[in-house]
Amino acid sequence: MKRPNAVGDLQFHERYYNMDYLFWKSLEGSQLLHFLISYDIVCQWSIYLKKRMLELDHEFLIFNEKVYIKFVVPKFHLPAHVIACRTVFSLNCTVGAGCTDGEAPERGWAEINPIALSTKEMGPGSRRDALDAHFSDYNWRKVVGMGTTMYRKARAAAADMADHTIAHNELTASLPGATVRDWLDEVESWEKNLSPTNPYNMKVEFPTQAAARHRMAEAEAADIRAGKDVMLDVNVTPSVLISTGLDLEAEQCSIKSDSGKVWEHSQDRQKTWLQLRMNTLSRKIAIWGQRQQLYTPTVAALRQKDAEKPNKPKTKTATSASPAPVSPVYDYPLYLPSGIIGKAAVDLCLAEIEWNLWLPQADESIESVRRNLQIRAYLWKFKEKNVRGQHANTRTRNTIATVQARIDTSVEEYRAAQVAIVSLGTILQKTGWQQEYLKLEQGDIRELNESEDGVSAGRTITSWIWRTKGMSGIAGNDELFRDALHLEWCKLRAQSMRFIEEVALLNEDMERVL
């Protein structure tokens, strides 16, 4: 519904002063005590809302202690927010929200956009009259159709309520009673604002490369204090050497991907930008290679052998750290410990450092694949249901292409990490990783409910990327798994509660309007 005084012109984008004024005028004089306010940037807009409202009306309802206001982000816009926003401002985690998606203000534009061709030719008065007429018609049609709409929603919500309640009860029955009671007390306290601990956030930190590098830096600091420092260069420690090598390898992958987009008829600006990046990377590798030879002298012999291979001319700098000019910089081997196993002697200390960096890299990459697969699935469903017209379809396809590019990049990062983990795990005699870091085939890159090619839905096995636990199995510690199970239980409970609320709200609404 379009509320009175809730539609206005924007001078330049969605400035706060425009949105504040419309928010104020729309709710001015309202006698309601509970409000659910959805806005795509509500996490920012709501921070100083009271301070800004004092300049408009110091008696506005948001200053009334009896009024309860909950700010949320519409469901379609929420995935674009940072992780911290996805629970605090989520409608799925909001008590009393039912299955509201918060996108109703956006849907009205599909009705009103076509008249822009007419209103842009009108004067101010005629334009406002025309818009008021269309908004009134939109509201009238919505009121007339409430009976059919609510009946359809009530039937769908009742079926979904049963499915989600059964799923939640089945998981609850499989868990210890004391654990369930603790989890229930925690989530109810958070819902009543009695506890600041958000049960929908992971308590156990997911291992990341940044955290691994920090631990290594602390370990090196302890070695320095104990007089066990093995640093051969005052500027580059062993962990810095390996971590920089991994960064260079990632940059090589990025440039290789971008070079595939530049062809013979590309603009000179694009070619120049790519060549400058390659030149910079070449200098970085040359400088890094000089430090590498201090810790791994055998790489000089490997570079000499590569320079003497057929179809590669010998050069005076064949034994230097700079790449051979005949190879593109993104194909130049960096000779990290995982890449020289079986070719030259490997320093086990450096290999251990690389192992500790590749594990979180693999976890981060596979998590990125899962997250972007979910986003891609949502975008395809949204496109099929809501997008019409060439312009809108083109924009949506470009968005999906961007997400697909992220998936492809994450897949390549994981495959590189998995190859290194296989090589290092063997020489370091590590155990447990074989079940966690499997080879990622193209057929494994599919959504949670997506069937395999040529296999019926009843016989499809969920891809292993949705079943792996990451590093918890290697460490012999199930704390991460228990935390993930806790999060899954909270989400199932929230889904069940929202559908129960949806059925109750629809029944109440139908009694009032029918």
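# A tour from helix α1 to helix α15

Select residues 16–27 first: this is helix α1, with 12 residues and a reach of 16 Å from first C-alpha to last, close to the 16 Å expected at 1.5 Å a residue. The expected span is 1.5 Å times one less than the number of residues. Helices (H or I, at least four residues) and strands (E, at least two) are DSSP runs, numbered from the N terminus. The model is predicted: local features need pLDDT of at least 70, side-chain atom pairs count only at pLDDT 80 or more, and totals for chains, interfaces and linings use all residues. Residues are numbered from 1 along each chain as its sequence is written, and side-chain values use heavy atoms, with hydrogens and water left out.

Stay on α1 and colour its buried residues: Asn18, Met19, Asp20, Leu22, Phe23, Trp24, Ser26 and Leu27. Buried means under 20% relative accessible area, exposed over 50%, and partly exposed in between (1.4 Å probe, protein chains only). Add β1 (34–38), α2 (42–45) and α3 (49–53), which are among what covers these α1 residues. Just after α1, pick Gly29, which takes a positive phi of about 85 degrees.

Now show the whole chain. Its secondary structure comes to 17 helices and two strands, and 36% of its 514 residues count as buried. Among contacts (heavy atoms within 4.5 Å) between residues at least 6 apart in sequence, 70% join residues at least 24 apart.

Next, select 146–173, helix α8. This helix has 28 residues and reaches 39 Å from its first C-alpha to its last, close to the 40 Å expected at 1.5 Å a residue. Its buried residues are Met150, Ala154, Ala157, His168, Leu171 and Thr172.

Move to 268–295, helix α12, where 28 residues reach 41 Å from first C-alpha to last, close to the expected 40 Å. Buried here are Leu274, Arg277, Met278, Leu281, Ile285, Ala286, Trp288, Gly289, Gln292 and Tyr295. Show α11 (238–259), α13 (298–307) and α14 as well, since the buried residues of α12 pack against them.

Which residues line the largest cavity? Select Leu241, Ile242, Trp288, Gln292, Thr296, Tyr335, Pro337 and Leu350. The elements giving two or more residues to this lining are α11 and α12. The lining divides into six nonpolar, two polar and no charged residues. In this scheme Ala, Val, Leu, Ile, Met, Phe, Trp, Tyr, Cys and Pro are nonpolar, Asp, Glu, Lys and Arg are charged, and the others, Gly among them, are polar. The volume of the largest cavity is about 30 Å³. A cavity is a set of points on a 1 Å grid over the protein atoms alone where a 1.4 Å probe fits but cannot get out, and lining residues have an atom within 4 Å of a point. Grid points are joined across faces, edges and corners, and a volume is the space filled by probe spheres set on the points.

Go on to Asn372 in helix α14 (residues 348–386). Asn372 counts as buried because its relative accessibility is 3%. Leaving aside neighbours within four places in sequence, Asn372 is in contact with Val403, Arg406 and Ile407.

Finish at Gln418 in helix α15 (residues 390–427). Is Gln418 buried or exposed? At 12% relative accessibility, Gln418 counts as buried. Not counting residues up to four places away in sequence, Gln418 touches Tyr437, Leu438 and Lys439. Its side chain reaches the backbone oxygen of Tyr437 at 3.5 Å. For a last distance, pick the C-alpha atoms of Gln418 and Trp433: these residues are 15 apart along the chain, and the atoms are separated by 9.9 Å.

How values were computed:
1 Å grid on protein atoms, 1.4 Å probe; cavity = no way out; pocket = protein on both sides within 12 Å on 5 of 7 lines; lining within 4 Å. Polar contact = N/O pair within 3.5 Å; in protein donor to acceptor, adjacent residues only side chain to side chain.
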